[in-house]
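Let's take a stroll through a sheet and the helices that sit on it. Have the model open and follow along strand by strand.

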Amino acid sequence: MSDNVSDGFKLDIDSVGDRAVVAVSGALDAHAAVLFAGVLDAVVDTGSRSLVVDADGVTFIEAAALGVLVRVSRRMRESAGSFTLRSPSAVVQRALDANRVTELVDEVSEVSEARTTPEPRTTDVRDDEPRSGSGSREADLGLNVGPRSSTATVDAALRLVTALAETTVENADGVSVTLERHGRVMTVAASDDAVKEMDHHQYDTGEGPCLAAKAEGQWFYIESLAEETRWPNFVPLALEQGIRSILSSPLMTKDRPQGALNIYSSTERAFGTRQQELAALFAEQASEILTTAAPDETDEQVNLRLARALNERQVIHQAQGVVMERDNLSAEAAVSILHRAARAAGIRVADYANDIVSSVGRSEGKQ
C-alpha cells in the first residue's frame, strides 16, 4: 500500500462527547464509499448530535460518495442534529456544483472556518502491523482502498471495528483484535502501539485474558488487575504500563473461537453492564466479518457486509428504546434484556431487535 495519502482512502475519527469530526482524504470512489457510509452511519448511531466531515484532503469523489454525504446530512437533520461539510477540497466543491446538491450545499461551512480540533494525523498502517499515532479517543483508521487481498480488506474492516469500539465504549483506553493465522496468534488491529505491546506481552508469556478468550470461547472481564492471580507473568507487565482492567471477548467462526476483541482501561472496574454489552456487539460484528469472509471474496463484498453489520446497530438501538419505553427500564437494563432474550431464542441480537422494531411498525400500521 502506498504511503501517499492521495493514492488511497484514509479516515480519522475524533469523538468528544456528542460531537464527532470525521476527516476523510484520498480517493472517495464507489468502492471507498461503502466503508465511508458504514463509518458515518456508525457515528450517527452512537448518538452524536453534531457531525463534521472534513473533506479538505479528498482528491477524487464519485457520485456514490456524494450520495452518502447527502443521506447522512438528512439523517442528522431528521434527528434534530447538525451536519457540516467542512473545508471541501476543490474536487468536492466541483462535484457539489456539478450535481446541484443544494440541500447539502446549504450545510457546507466556509473553507475559512476556524478549526476546533487538531489537524488529523495520518499513520502508515501496514497490513501486518496496524497502529495509530492517535490518542485514546481518536483513531486513524488507515483504510487504503485499492487492489489488495481479501485478508488485507478484512484487516481494514477489523481496524474500523476497533476504532469504533474505542470511541464508543466508555473508559476504553485502547482496543485490539487478536487472531490466529498461520498457526500463531497475532494482533491484526490495534488502536495504538501501546495496546499492541500489551497483546504481545500475552503472546510472549503465553498467558492472559485475550489468549484465554481465544482458547476457551468465553469472555473474560478482569475488573482489577491488581487483584488478579491467574496470570502471574503477564499481570505485572500490564500493571507496569498502567493498565488496570481488561475486557476480552471471543471472536467465533463456525462455533470455534478464532481470536478475541480486547479492550484495555487504565481505570479499575471500568466496564459496567452497558460497556460489556457494547463490547459483545462489536465482537459479534468482528466475528461476522471473519465467518463470512472467503478467500476469493472481493473488497466490495467485504465492505458491503461490514456496512450491513454496522447498520444493524441502529436497529438494536431502536429496539432498546422500545423496551425502555414499554417496560419503563433504564438503557442498561433494556440492553441486558435484549441479549438475554436473544440467547434464549437462539438467534442473534440484531435479528431479535429487528423482530421487535418490525412488530412495533405493524402495530402502528393497524391503528
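β6 and β7 run antiparallel and are joined by six bridges. At one spot in this pairing, R181 faces R184 of β7. Keep in mind that you're looking at a predicted model.

Two helices come into play here. Helix α6, residues 193-205, lies across β6, β7 and β10, and its direction is at about 170 degrees to that of β7. Helix α7, residues 209-216, packs on the sheet too, touching β6, β7, β8, β9 and β10, with its direction at about 155 degrees to that of β10.

Now step over to β10. Strand β6 (residues 174-181) pairs with β10 in an antiparallel way through six bridges, and V177 sits opposite L261 of β10. Strand β9, residues 245-253, is also antiparallel to β10, this time with nine bridges; one of the pairs to look for is L247 with I263 in β10. Two residues lie between the strands of the β9-β10 hairpin, and there K254 adopts a positive phi near 55 degrees.

Put it together and you get an open sheet of five strands, ordered β7-β6-β10-β9-β8, with antiparallel pairing. β7 (184-190) and β8 (220-222) are the edge strands, and each has a single partner, so one side of each has no neighbour in the sheet. On average, neighbouring strands here are turned by 20 degrees against each other, ignoring direction.

And how buried is strand β10? Nine of its 10 residues (the strand spans 256-265) are buried, so β10 is largely enclosed by the rest of the structure.

Technical notes:
Residues numbered from 1 in each chain as written. Predicted model: local features only at pLDDT ≥ 70, side-chain atom pairs only at ≥ 80, totals over all residues. Heavy atoms only, no water. Buried < 20%, exposed > 50% of the residue type's maximum accessible area, 1.4 Å probe, protein only. Helix = DSSP H or I, 4+ residues; strand = E, 2+ residues; numbered from the N terminus. Pairing = 2+ DSSP bridges. Axes fitted to C-alpha atoms, helices over the stretch in contact; angles between N-to-C directions. Contact = heavy atoms within 4.5 Å.
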